[in-house]
Amino acid sequence: MLLMAQQLMASRAGLASGAGDGVLGFVTGAIGIPINGAIADAVGLQNSLMSHVILVVVTIVVAWFPSQ
């Protein structure tokens with residue numbers, strides 16, 4: 001996504017990088033924090049944070065396979 005943004009805005013690649021990373025980070029936090037809080041309310045904070053390990057493992061498995 002970042003590379004595509006830089007290619008589309010070749011004369012302002014730095015702006016494209018900052019906007020892309022900023023938006024991605026903001027959206028991830030805005031969605032992830034309430035979900036993590038809901039899980040923590042249901043099963044406890046330690047178990048909620050341990051669920052991040054599962055998410056990382058799933059992400060690695062998905063990234064391992066090339067897209068078609």
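The protein has a radius of gyration of 16 Å, against near 11 Å for a compact globule of 68 residues. The radius is taken over C-alpha atoms, and the globule rule is 2.2 Å times the number of residues to the power 0.38. This is a predicted model: local features need pLDDT of at least 70, side-chain atom pairs count only at pLDDT 80 or more, and totals for chains, interfaces and linings use all residues. Residues are numbered from 1 along each chain as its sequence is written, and side-chain values use heavy atoms, without hydrogens or water.

**Overall form**
- The C-alpha trace spans about 50 × 30 × 15 Å along its principal axes.
- There are three helices and zero strands; helices (H or I, at least four residues) and strands (E, at least two) are DSSP runs, numbered from the N terminus.

**Helix H2**
- H2 has 31 residues and reaches 43 Å from first C-alpha to last, close to the expected 45 Å, which is 1.5 Å times one less than its number of residues.
- Just after H2, Gly 44 takes a positive phi of about 105°.

**Burial and surface**
- Buried residues make up 9% of the 68; buried means under 20% relative accessible area, exposed over 50%, partly exposed in between (1.4 Å probe, protein chains only).
- In H2, the buried residues are Ala 16, Ser 17, Gly 20, Asn 36 and Ala 40.
- Ile 39 lies in H2 and counts as partly exposed because its relative accessibility is 32%.
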